[in-house]
Amino acid sequence: MFSVGDYIVYGTTGVCKVEAVGPMQMSGMSSKEKLYYTLSPLYSKGSKVFIPVDNDKVVIRSVLTKEEASALVEEIPSIELLWVADEKRREDIYKTALRTCDPKEWIKIIKTLYLRKMSRIAEGKKVTVSDGKYLHMAEERLYEELALALEMPKEEVIEYITSHVEKSEEVAAQ
C-alpha cells in the first residue's frame, strides 16, 4: 500500500503524487469502508484521479529510484526494439506495452518508432498519426518518471539520455 506523499506511476496517467488514502469524500458515494487513493498527476496540474486501493485492473507501482533510473539510462543501448511487421497489430502491441507501466517497454516503443520515423522521412513519407501518438505517449511517460527520479526538469531528460548513450557508445567502440 502506498502512503500520502509517495510518488507512483499509475497506468497511462503517468507519474502521480498520492494526496490521500481513505474513503471517497464525494457526495453520492455509498461505501465508506472502501479505501481509495487520491492521486494528483504530476504534469497535469489541477486534476485528481481516484482509484480503489485494491485496484487490480490497472498497473500502479513506485517511481524508479535515482539509482534505478541511472541504471536504466545506461541500459538503453542494449534494450531491443519492439518491431511488429503486421500494421494492423502494431497499435495493439504499443497500447499493451504502454499499459505495462514498464519503462523498458516505453524505451522499446521510443527506439522502434524513432527509427521508423527516420526511415519514413528518408523515404519522403510522413510519420503516421498512430506512430506519432504512441511515440509521444511513451516519451512523456518515460521522461516524466526519469525527471522525478533523477531530480531534473523534464525538459532536460532527453539531453541527459543522449549524452549518456553517446558516452556508452564511445566506450564500447574503444
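1. Let me start at the edge of a strand: Gly22 sits across from Tyr36, a residue of strand 3. Bear in mind throughout that this is a predicted model. The pairing around Gly22 belongs to a longer run, with strand 2 (residues 14–22) and strand 3 held together by 6 bridges in an antiparallel arrangement.

2. Strand 3 has a partner in strand 4 (residues 49–52) as well, again antiparallel, with 4 bridges between them. If you want a place to look, try Leu39, whose bridge partner in strand 4 is Val49.

3. How many residues of strand 3 (residues 36–41) are buried? The count is 6 of 6, so the strand is mostly covered, given that buried means under 20% relative accessible area. As for directions, Tyr36, Thr38 and Ser40 point to one side, while Tyr37, Leu39 and Pro41 point to the other, and all of them are buried. Side chains in a regular strand do alternate between the two faces of the sheet.

4. Now the cysteines. The disulfide count is 0. Why is Cys16 not bonded? Its closest cysteine sulfur belongs to Cys101 and is 9.7 Å away, which is too far for a bond; the cut-off is 2.5 Å. Seen from the other end, Cys101 is in no disulfide either, with the sulfur of Cys16 as its nearest at 9.7 Å. Both cysteines are covered up: Cys16 is buried at 0% relative accessibility, and Cys101 is buried with a relative accessible area of 1%.

5. Lys108 deserves a look. This lysine is in helix 3 (residues 103–122). Is Lys108 buried or exposed? At 13% relative accessibility Lys108 falls in the buried class, because the limit is under 20%. What does the side chain of Lys108 make a polar contact with? The partner is the side chain of Glu80, at 2.9 Å. Glu80 is also on the list of residues touching Lys108 once neighbours within four places in sequence are set aside; the others named there are Ile79, Leu81 and Leu82.

6. On to the rings, where the count of aromatic pairs is 2. One of them is Tyr94 with Tyr134, a tilted pair at 6.0 Å centre to centre and with 45° between the planes. Tyr94 is in helix 2 (residues 87–99) and Tyr134 is in helix 4 (residues 129–149), so this pair ties together parts 40 residues apart in sequence. Each ring belongs to a buried residue: Tyr94 has a relative accessible area of 1%, and Tyr134 comes in at 2%.

7. There are charges over rings to check too. Lys154 has its charged end over the ring of Tyr43, 4.6 Å from the ring centre. Arg90 is placed over the face of Trp83, with 6.0 Å to the centre of that ring.

8. Last, the loop between helix 1 (66–75) and helix 2, which is where Asp86 is found. Its side chain reaches the backbone nitrogen of Lys88 at 3.0 Å. Unlike the buried residues above, Asp86 counts as partly exposed, with 37% relative accessibility.

Terms used:
Residues are numbered from 1 along each chain as its sequence is written. This is a predicted model: local features need pLDDT of at least 70, side-chain atom pairs count only at pLDDT 80 or more; totals for chains, interfaces and linings use all residues. Side-chain values use heavy atoms; hydrogens and water are left out. Buried means under 20% relative accessible area, exposed over 50%, partly exposed in between (1.4 Å probe, protein chains only). Helices (H or I, at least four residues) and strands (E, at least two) are DSSP runs, numbered from the N terminus. A polar contact is a pair of N or O atoms within 3.5 Å; within protein, one must be able to donate a hydrogen and the other to accept it, and residues adjacent in sequence count only if both atoms are side-chain atoms. Contact means heavy atoms within 4.5 Å. Rings of Phe, Tyr and Trp (its six-membered ring) pair if their centres lie within 6.5 Å; planes under 30 degrees apart count as stacked, over 60 as edge-to-face and the rest as tilted. A charge sits over a ring if NZ of Lys or CZ of Arg is within 6 Å of the ring centre and within 35 degrees of the ring normal. Two strands pair if DSSP finds at least two bridges between them.
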